[in-house]
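Subject: Structure handover

Hi,

Here is the structure I said I would pass on, with my notes underneath. Have a look at it first, then read on.

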Amino acid sequence: MTEDNHRTRLRPVDLARLTGLSTQQIRNYEDAGVLPPAGRTESGYRMFGDRHRRALLTFRTLLKGYGPVTAPAVMRTVHAGDVPGALALVDAAHAALHEERTALRATGEAIGALAESPPPALPRSRLRIGEVAALLGVRTSALRVWEAAGLLTPGREPVTGHRSYAPVDVRDARIVRTLRQGHQLFDQIRPVLEGLRREGSSAALRAAIAARGEALTARSRAMLEGAGALHAYLDAGTDLAAGTDLAAGTAADVSAGATTTGSTADGPGPSPR
């Protein structure tokens, strides 16, 4: 057991209160590998140490930037002793963010010209859905999905009831296609189109792209903070590099010095497993 864990004994309730979580969340995190394995008392109760507190704080910092899928995977991989694998997950997350930023930049460049341009010249005043799909290089099913989401509102032929796309409808479909290629969500696209139809300019489009760019910047900063926290955590557990885990120790180690930090309303005894 490391020196910090000999000095600091934390029950689940103690660790929960230090971090504002529930004791069940603490147990779940250990079971999921987000925390290193806890020591156990002779009666089987979990006992944590300062290493677990550091792990939990590192995870919560990672979570802000890397999200609920990658952050737990990183911590699990670290605690399995595979530091290179954990760093590969971090690298992949940064690469994905870079791709998203690149796509957003391309979308901004494309949409600026697209929104300012007049409705495209069409072979006829109105087109059917198959013709629009061929013109844009998408499936007719995509156009139907966009319509069901309220992004497109084509007219209908009075006799057959077939969809009938005017030039402005084709323009809107082109904008939806471009924004979807830039990974914009329907809820992000809808106000853009509404603003374009209302204002007749690309101001709303540019605002949406700018807002997404700001969100990516904030996420990038959060990822940098998380990477820094992970680096510090790995530095604090250099024994991991030698192939050992970050466990607090055996149950015998814990029972040899079962003092806990801080008093709680649950009394001096160990909390449930």
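One bit of vocabulary before the findings: a helix crossing is called right-handed if the near helix is turned clockwise from the far one by less than a right angle, and left-handed if the turn is anticlockwise. By that convention, α2 passes α4 in a right-handed crossing. Keep in mind throughout that this is a predicted model.

Staying with that helix pair: the axes of α2 and α4 cross at roughly 40 degrees and come within 11 Å. Angles under 35 degrees would count as roughly parallel and 65 to 115 as roughly perpendicular, so α2 is oblique to α4. On the α2 side, the contact is made by Leu15, Leu18 and Thr19, while α4 brings His52, Arg53, Leu56, Leu57 and Arg60.

Next, the nonpolar cores. The largest has 31 residues, and the members touching the most others are Ile26 and Leu35. Two or more residues each come from α2 (12-19), α3, α4, α5 (83-116) and α10 (203-236). The largest share is that of α4, with nine residues. If you want one residue to click on, try Leu35: beyond its neighbours up to four places away in sequence, Leu35 touches Leu15, Ile26, Tyr29, Glu30, Phe48, His52, Ala55, Leu56 and His79. There is another core apart from this one, made of 24 residues, including Ala133, Ile175, Leu179 and Leu193. As background, nonpolar side chains tend to be buried together in soluble globular proteins.

On to aromatics. How many aromatic pairs does the count come to? Just one aromatic pair. The partners are Tyr29 and Phe59, sitting edge-to-face with 5.1 Å centre to centre and 65 degrees between the planes. The two are 30 residues apart and link distant parts of the chain, with Tyr29 in helix α3 (residues 23-32) and Phe59 in helix α4 (residues 50-79). Phe59 has 3% relative accessibility, and because anything under 20% is called buried, Phe59 counts as buried.

Last, a charged residue to look at. Is Glu100, at 15% relative accessibility, buried or exposed? The same cut-off of under 20% applies, so Glu100 counts as buried. Glu100 lies in helix α5, and its contacts, leaving aside neighbours within four places in sequence, are Arg212, Leu216 and Arg219.

Cheers

Note on methods: Residues are numbered from 1 along each chain as its sequence is written. This is a predicted model: local features need pLDDT of at least 70, side-chain atom pairs count only at pLDDT 80 or more; totals for chains, interfaces and linings use all residues. Side-chain values use heavy atoms; hydrogens and water are left out. Rings of Phe, Tyr and Trp (its six-membered ring) pair if their centres lie within 6.5 Å; planes under 30 degrees apart count as stacked, over 60 as edge-to-face and the rest as tilted. Helices (H or I, at least four residues) and strands (E, at least two) are DSSP runs, numbered from the N terminus. Buried means under 20% relative accessible area, exposed over 50%, partly exposed in between (1.4 Å probe, protein chains only). A nonpolar core is a set of buried Ala, Val, Leu, Ile, Met, Phe, Trp, Tyr and Cys residues joined through side-chain atoms within 4.5 Å. Contact means heavy atoms within 4.5 Å. Axes are lines fitted to C-alpha atoms, for helices over the stretch in contact, and angles run from 0 to 180 degrees between N-to-C directions. Angles under 35 degrees count as roughly parallel, over 145 as roughly antiparallel, 65 to 115 as roughly perpendicular and the rest as oblique.
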